[in-house]
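Visitor: Please take a close look at one part of this model, beginning with a single pair of facing residues. I should then like a connected account of what surrounds that part and of what else can be described.

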Amino acid sequence: MSALVVRGARLVEPDGGPSSPVDVTVRAGRVEGVAPAAGTAPAGADVLDADGRLLLPGFVDAHVHGEAAVLDDDVQLAMLRQGVTSVVVGQDGVSYAPSPRPDADGGPAASGLHDAAAWASGYFAAINGEHPTFRGGSVADLLATYDGTTRVNVGYLAPHGTIRYAVLGAAARPATPAETDRMLVLLASALDDGALGLSTGLEYVPATYADEAELVALARVLAARGVPHVSHMRGYEDRAGPAFAELVRVARASGVATHVSHYHGPAAELLGYVDDAHAAGLDVTFDSYPYLRGCSILSMVSLPTWLPIADVDATVAALSDPAVLERLRREHFPHRAALWPRGAMAAGPSGPLAGAAPGPAEDLSWTEGMTLPDVAARLGLSPAETAVRLLVATRLRASCVFAQPPTNSPESVRALLRHRAHVGGSDAIYAPVGGGGRPHPRGWGAFARFLAEHVRTLGDWTWHDAVTHLSARPAARFGLAGRGAVVPGAVADLALVDPDRVRDEATYEDPRRPASGVDDVLVAGVRVLRDGALTGALPGRPLRPGAPAA
């Protein structure tokens, strides 16, 4: 096969500085050789002039809500313009597979399992969106939708909430031993199909109803396979201590490696938990992103779990019940008062909604970017009443960007990302795909922000540290063999980075602006970004533990 030579590139040395110029030869999807720059290339080779830019191994985004969005060209551009060549989806315990197709009447399939794909698509519509083709099936079926259809590689975590829903439906209770056994079968099948581990979303339904016995049983399967338990904890900020302690108990009982999703808050406290776990011999890592605002679905941040949130129809009906509304006003909403001014609407869907009654849906796109008190003032309602109005009108498909409490600070962000257990994750939410909405800018800028702010400006990392945190360590965490270094034999997922020019351009007001400073990217040795623009090549592949996608 013909070679491609990246000519005159600089690699990063262990001391963090750039190497002398080198020529990197790529053939058959892998790095074939690294040699001092010669200024010539083998006959017939394609040449990519690095012009002294840094040649880095493609970044692995450890936490992305992109299982549908990754098939969109604009989202691929957003990722590649930051040097991201691989993503890990299936996060927070909710995604599309595994799920049987329902019977003809829409009830449980012949297997007795519920249609978890349809449930996940509705419940996480404002986070994951809707996959363009997948309507149920195995993890292998879902992974097949990423084979040669995208420019980036896609790894998938088996989602605990989806598995639980398939077995129990929306039941708001612990699983019985027999139900847990059925979940174990689905988990084993998902891992056989290539899942990189299991994700739990313990603040989301239905995972919030799981007890530790259920989590330990699932974690033992993971430990036997050597893959991690990845968890959105049962709480953050003032609830981080008990939530982290739960994961430690599960790890001790099962032997599972543990990865905490979007860790944030007071760094001294949070890193103390991690260090204590390491001292006890536990394998714990975490991801974080370089922003002080988060993003989630409005139902999770505004409603209590005693509502049947896993059942959209039941929750919408409950929010129209005067007795339920009175209980919310009396018991719950007074404790949410500090939240309302911290949140701005990210997506207020308009147009017909799946499952809605016939007739035009209310157009709520005007709310996007506004705080709930501002929306409330326009509607003549209280913020709590406004949240209920938005949730009912959108059938729980509303999302919001919210400022985290002051216990999270720039100093905490910096301390977390300097820790030896840290890996980079954007927690990107791209829905709605194709424009509209006011999403969090992290999907367009997190990795460029790591480089511009935390390498170049603040000096929290050297360039070698950046490769460790954004490529080598996440590749190791998820068992992605052949990734994380520019060495002979490595998969040729490569990004040319201008160290003086790379920066995030996306803002909260203009969140979809691609980053700058990464203009040429290879995936499996194929040019997918050329001079800042997408090429027509689609070399992305599904990622499986230990199996290079090249």
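Guide: Val 523 stands opposite Val 526, a residue of strand 22. The pair belongs to the antiparallel pairing of strand 21 (residues 518-523) with strand 22 (residues 526-530), which extends over 3 bridges. Strands, here E runs of at least two residues, and helices, H or I runs of at least four, are taken from DSSP and numbered from the N terminus; two strands pair if DSSP finds at least two bridges between them. The model is a predicted one, in which local features need pLDDT of at least 70 and side-chain atom pairs count only at pLDDT 80 or more, while totals for chains, interfaces and linings use all residues. Residues are numbered from 1 along each chain as its sequence is written, and side-chain values use heavy atoms, with hydrogens and water left out.

Strands 21 and 22 are part of an open sheet of 5 strands, with the order 5-20-21-22-23 and antiparallel pairing. Its edges are strand 5 (54-57) and strand 23 (533-534), each of which pairs on one side only. Helix 17 (residues 463-477) lies across strand 5 and strand 20 (494-497), and runs at about 25° to strand 5. Such angles, from 0 to 180 degrees between N-to-C directions, refer to axes that are lines fitted to C-alpha atoms, for helices over the stretch in contact; contact means heavy atoms within 4.5 Å.

The loop between strand 4 (46-49) and strand 5 contains Asp 51. Although Asp 51 is not a glycine, its phi is positive, about 55°. Asp 51 is exposed, with a relative accessible area of 67%; exposed means over 50%, buried under 20% and partly exposed in between, with a 1.4 Å probe and protein chains only.

A second open sheet has 6 strands in the order 10-11-12-13-14-18, and here the pairing is parallel. Strand 10 (158-159) and strand 18 (422-424) are the edge strands, each pairing on one side only. Within this sheet, strand 12 (residues 229-232) and strand 13 (residues 258-260) run parallel and are joined by 3 bridges. Ser 231 stands opposite Val 260 of strand 13.

Strand 13 leads to another positive phi: His 262, in the loop between strand 13 and helix 9 (267-279), has a phi of about 35° although it is not a glycine. His 262 counts as buried, at 5% relative accessibility. Strand 11 (198-201), in turn, is followed by a loop to helix 7 (212-225) in which Pro 206 lies. The peptide bond from Val 205 to Pro 206 is cis, with omega near 0°.

Helix 5 (residues 160-168) and helix 6 (residues 177-192) have axes that come within 9 Å and cross at roughly 130°. This makes helix 5 oblique to helix 6, where under 35 degrees is roughly parallel, over 145 roughly antiparallel, 65 to 115 roughly perpendicular and the rest oblique. Their crossing is right-handed; the near helix is then turned clockwise from the far one by less than a right angle, and anticlockwise in a left-handed crossing. From helix 5, Ile 163, Arg 164, Ala 166, Val 167 and Leu 168 meet Glu 179, Arg 182, Met 183, Leu 186 and Leu 187 of helix 6. These residues comprise 7 nonpolar, no polar and 3 charged, with Ala, Val, Leu, Ile, Met, Phe, Trp, Tyr, Cys and Pro counted as nonpolar, Asp, Glu, Lys and Arg as charged, and the others, Gly among them, as polar.

Helix 5 also packs against helix 2: the two axes come within 9 Å and cross at roughly 130°, and the helices are therefore oblique to each other. This crossing is right-handed. Ala 116, Trp 119 and Ala 120 of helix 2 meet Gly 161, Thr 162, Tyr 165 and Ala 166 of helix 5, a contact of 5 nonpolar, 2 polar and no charged residues.

Helix 2 is largely enclosed by the rest of the structure, because 7 of its 8 residues are buried. Among the buried residues are Trp 119, Ser 121 and Tyr 123. Their cover includes helix 3 (125-128), helix 5, strand 15 (293-297) and helix 10 (298-302). Pro 98 is placed in the loop between strand 8 (84-89) and helix 2 (116-123), and a cis peptide bond with omega of about 5° joins Ala 97 to Pro 98.
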